[in-house]
Amino acid sequence: SFNYLANYLALSSLVLLLLAFFLLLTHRQTEDTVRTASRNEALVLVSQIDSTLRRVEASTNLIAGQLLAGRAPARIPASEHEAITRYLTTLAQEFPEIYGFSLFDEEGKLRLSSFAQVGEINIADLDHFQSIKRNPDRKLHFTETLKARANDQIVLVAHRALFDHDGRFVGMLGTAINLAHYARIFSQMQ
């Protein structure tokens, strides 16, 4: 009976050890799977953000360099407003992560936009406009998140100074980035 009990305890201990080893192995495999899936989802998100930033930069360079070509937003003839607005709207619709484009004059007054009928908007009081007006350069800058005056959405604004042919500051080009687009991506991730 003692041998039987000793064998039973030894066999039970061995089964418990195997069970503990199996649980530990399963835990490690699950941890590795979750880590790999998280890394892959993060890489997908980083790739999408990188693509957005590249599109924003390319779009702002296209608008500033070719569409405006050194012209001040305040001095664009009214006869061109509809065509430019249509161009900005079409360009914004190409990318779901971009709400739209807005052209402001040197005083912060909205002159042209891809947003439909936004009314009188002036951003002269906003930090990012004041900063770019004080220290204009050709770089793309980004705001903190803010509420867009054109549509009350929470956005991140990529912006750059606009210059005339003589290199004088004549306004700002703002690109509203749709943060809700990324919120949808996050919500779809598991």
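The exercises below work through a predicted model of one protein chain, each with a solution in steps.

**Exercise 1. Overall form**

Determine how many helices and strands the protein chain contains, and in what pattern they follow one another along the sequence.

*Solution.* Begin by counting the elements, which gives four helices and six strands in the protein chain. Reading along the sequence then gives the pattern α-α-β-β-α-β-β-β-β-α.

Next, turn to the dimensions of the protein chain, whose C-alpha trace spans about 105 × 30 × 25 Å along its principal axes. A compact globule of 190 residues would have a radius of gyration near 16 Å, whereas the value for this protein chain is 28 Å. Finally, consider burial and contacts: buried residues make up 33% of the 190 residues, and among contacts with a separation of 6 or more, 54% join residues that are 24 or more positions apart.

**Exercise 2. Helix 1 and the residue after it**

Compare the end-to-end reach of helix 1 with the expected value, and then find what covers the buried residues of this helix.

*Solution.* Helix 1 has 67 residues, and the expected span is 1.5 Å times one less than that number. This gives 99 Å, and the reach from the first C-alpha to the last, 96 Å, is close to it.

The buried residues of helix 1 include Leu-45, Thr-52, Val-56, Ser-59 and Ile-63. Among the elements that cover the buried residues of helix 1 are helix 2, strand 1, strand 5, strand 6 and helix 4.

Just after helix 1 comes Ala-69, with a positive phi of about 45°, a sign that is noted here in a residue other than glycine. Ala-69 lies in the loop between helix 1 and helix 2, and because its relative accessibility is 34%, it counts as partly exposed.

**Exercise 3. The two sides of helix 2**

Decide which residues of helix 2 are buried, and on which side of the helix they lie.

*Solution.* First check the length: the 16 residues of helix 2 should span 22 Å at 1.5 Å a residue, and the end C-alpha atoms are 23 Å apart, which agrees.

The buried residues of helix 2 are Ile-84, Leu-88, Leu-91 and Ala-92. These residues lie on the same side of helix 2, because they cover an arc of only 95° around the axis. An α-helix has 3.6 residues a turn, so residues three or four places apart point the same way.

On the other side of helix 2, Ser-79, Glu-82 and Gln-93 are exposed. The buried residues, by contrast, pack against helix 1, strand 1 and strand 2.

**Exercise 4. The nonpolar cores**

Find which residues touch the most other members of the largest nonpolar core, and which element gives the most residues to this core.

*Solution.* The largest nonpolar core has 24 residues, and those touching the most other members are Ile-63, Ile-84, Leu-88, Phe-101, Leu-103 and Leu-162. Two or more residues each come from helix 1, helix 2, strand 1, strand 5, strand 6 and helix 4. Helix 1 gives the most, with six residues.

Now look at Phe-101: with neighbours within four places in sequence left aside, its contacts include Ile-63 and Leu-88, as well as Ser-59, Leu-91, Ala-92 and Leu-173. There is also a second, separate core of ten residues, which includes Phe-104, Ile-123, Phe-163 and Phe-169.

**Exercise 5. Helix 3**

Establish whether His-128 and Ile-132 are buried or exposed, and then work out how the buried residues of helix 3 are arranged.

*Solution.* His-128 is found in helix 3, residues 127-134, and Ile-132 is found in helix 3 as well. A residue is buried when its relative accessible area is under 20%. His-128 is therefore buried, at 12%, and Ile-132 is buried too, at 2%.

In helix 3, Phe-129 is buried along with His-128 and Ile-132. The three cover an arc of only 100° around the axis, which puts them on the same side of helix 3, while Asp-127 and Arg-134 are exposed on the other side.

To finish, compare the contacts, not counting residues up to four places away in sequence. His-128 touches Ile-123, Thr-143, Leu-146, Val-157, His-159 and Met-172. Ile-132 is in contact with His-159 and Met-172, and also with residues including His-141 and Phe-169. The cover over the buried residues of helix 3 includes strand 1, strand 3, strand 4, strand 5 and strand 6.

How values were computed
Residues are numbered from 1 along each chain as its sequence is written. This is a predicted model: local features need pLDDT of at least 70, side-chain atom pairs count only at pLDDT 80 or more; totals for chains, interfaces and linings use all residues. Side-chain values use heavy atoms; hydrogens and water are left out. A nonpolar core is a set of buried Ala, Val, Leu, Ile, Met, Phe, Trp, Tyr and Cys residues joined through side-chain atoms within 4.5 Å. Buried means under 20% relative accessible area, exposed over 50%, partly exposed in between (1.4 Å probe, protein chains only). Contact means heavy atoms within 4.5 Å. The arc is that of the directions from the helix axis to the C-beta atoms. The radius of gyration is taken over C-alpha atoms; the globule rule is 2.2 Å times the number of residues to the power 0.38.
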